[in-house]
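Visitor: I'd like a close look at one part of this protein, the buried residue in the middle of things and whatever surrounds it. Could you walk me through it and then work outwards?

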Amino acid sequence: MTIKDIQDDIVAEFAMFEDWMQRYEYMIELGKSLPLIDEAYKTDDYIIKGCQSKVWVHADLEEDRLRFTADSDAIITKGIIAILIRAFSNQKPQDIIDADTQFIDEIGLKEHLSPTRANGLVSMIKQMKLYAVAYQTQLN
C-alpha cells in the first residue's frame with residue numbers, strides 16, 4: 001500500500017468514531033500494538049526533542065524500505081507514534097520525504113491535543129522524515 005492509501009484508511013477509521021473519547025481509546029489501543037523498540041535505542045540519542053513525554057524512535061533500512069520502531073512513556077503519545085509508524089513504516093525513504101501529512105488535520109488530531117503534544121507530533125513527523133533523508137542519501 002502507498003502512504004496515501006494507508007493515510008486514507010486511518011482517516012476512514014477515525015471517521016467511524018462519534019466523539020474524541022472513542023478516538024483517544026482507539027489511539028491507546030493502537031499504541032498497545034506498537035512494535036517495541038529495542039532497549040538499546042531507548043537512549044537520549046533516539047529521543048524526540050519537543051515532546052512533553054518521552055518518545056523514542058528508531059529506523060532501519062531493510063532492502064529499500066524504512067522500518068520504524070518506537071516507544072513512549074505516555075499512552076496517548078504511544079498511540080500518536082503508532083499512527084505515524086503505520087503510515088510511514090515499510091515505505092521507501094523518498095516516498096516518506098515526499099509524503100503529505102494532511103491526514104493528521106483530516107482526523108482532527110492536532111486540534112485535540114494540548115499545545116505541547118501538538119508540538120511533539122510535529123517533532124515526531126520531522127524526525128521520521130529526517131531518518132528518511134539520511135537513508136535516501138545512503139541509497140543515492
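Guide: Let's start with Met-128, which counts as buried because its relative accessibility is 0%. Keep in mind that this is a predicted model. Met-128 sits in helix α6, a helix that runs over residues 115-139.

What does Met-128 touch, once its neighbours within four places in sequence are left aside? Its contacts are Val-57, Phe-68, Ile-81, Leu-84, Ile-85, Phe-88 and Ile-96. For a sense of distance, take Glu-25: Met-128 is 103 residues from Glu-25 in sequence, and the two C-alpha atoms are 24 Å apart in space.

Pick Ile-81 from that contact list and look at things from its side. Not counting residues up to four places away in sequence, Ile-81 touches Leu-34, Val-55, Val-57, Ala-70 and Met-124, as well as Met-128.

Now zoom out to the largest nonpolar core, which has 43 residues. Those with the most contacts inside it are Met-27, Val-57, Phe-68, Ile-81, Leu-84, Phe-88 and Leu-109. Who supplies this core? At least two residues each come from α1 (3-15), α2 (20-32), β1, β2, α3 (75-88), α5 (102-106) and α6. The largest share, nine residues, is from α3. As a general point, nonpolar side chains in soluble globular proteins tend to be buried together.

The two strands on that list form a hairpin, with two residues between them. Strand β1 covers residues 55-62 and strand β2 covers residues 65-72, and they pair in the antiparallel sense over eight bridges. If you want to trace the pairing on screen, find Trp-56, which stands opposite Asp-71 in β2. Then find Glu-62, which faces Arg-65 of β2 as its opposite number.

In the loop between β1 and β2 you'll meet Glu-63. Glu-63 is not a glycine, yet its phi is positive, at about 60°. That's worth a second glance, since most residues other than glycine have a negative phi. Is Glu-63 buried or exposed? With a relative accessible area of 77%, Glu-63 is exposed, because the cut-off for that class is over 50%.

Asn-90 has a positive phi too, near 65°, and Asn-90 is likewise a residue other than glycine. You'll find Asn-90 in the loop between α3 and α4 (93-98). Asn-90 counts as partly exposed, because its relative accessibility is 40%.

Back to helix α6 for another of its residues, Gln-136. Gln-136 is buried, with a relative accessible area of 14%, so it falls under the 20% cut-off. Setting aside neighbours within four places in sequence, Gln-136 is in contact with Pro-93, Gln-94 and Ile-97.

Ile-97 gives us a handy reference point for Ile-107, which lies in the loop between α5 and α6. Ile-107 and Ile-97 are 10 residues apart in sequence, and C-alpha to C-alpha they are 21 Å apart in space. Ile-107 is in a loop, but with a relative accessible area of 5% it is buried. Its contacts, neighbours within four places in sequence aside, are Ile-10, Val-11, Phe-14 and Trp-20.

One last stop: empty space. Rolling a probe the size of a water molecule over the atoms shows where such space is left. How many cavities of 30 Å³ or more does a search of the whole structure find? It finds one, and about 40 Å³ of space lies in it. The lining of this cavity is made up of Cys-51, Gln-52, Ser-53, Thr-77, Thr-116, Arg-117, Gly-120, Leu-121 and Met-124. By class, that lining has three nonpolar residues, five polar and one charged. The largest share of the lining, five residues, comes from helix α6.

That closes the loop on our starting point. Helix α6 holds Met-128, and Met-124, one of the cavity-lining residues, is also among the contacts of Ile-81.

Note on methods. Residues are numbered from 1 along each chain as its sequence is written. This is a predicted model: local features need pLDDT of at least 70, side-chain atom pairs count only at pLDDT 80 or more; totals for chains, interfaces and linings use all residues. Side-chain values use heavy atoms; hydrogens and water are left out. On a 1 Å grid over the protein atoms alone, a cavity is a set of points where a 1.4 Å probe fits but cannot get out, and a pocket is an open set with protein on both sides within 12 Å along at least five of seven lines; lining residues have an atom within 4 Å of a point. Grid points are joined across faces, edges and corners, and a volume is the space filled by probe spheres set on the points. Helices (H or I, at least four residues) and strands (E, at least two) are DSSP runs, numbered from the N terminus. Ala, Val, Leu, Ile, Met, Phe, Trp, Tyr, Cys and Pro count as nonpolar, Asp, Glu, Lys and Arg as charged, and the others, Gly among them, as polar. Two strands pair if DSSP finds at least two bridges between them. A nonpolar core is a set of buried Ala, Val, Leu, Ile, Met, Phe, Trp, Tyr and Cys residues joined through side-chain atoms within 4.5 Å. Buried means under 20% relative accessible area, exposed over 50%, partly exposed in between (1.4 Å probe, protein chains only). Contact means heavy atoms within 4.5 Å.
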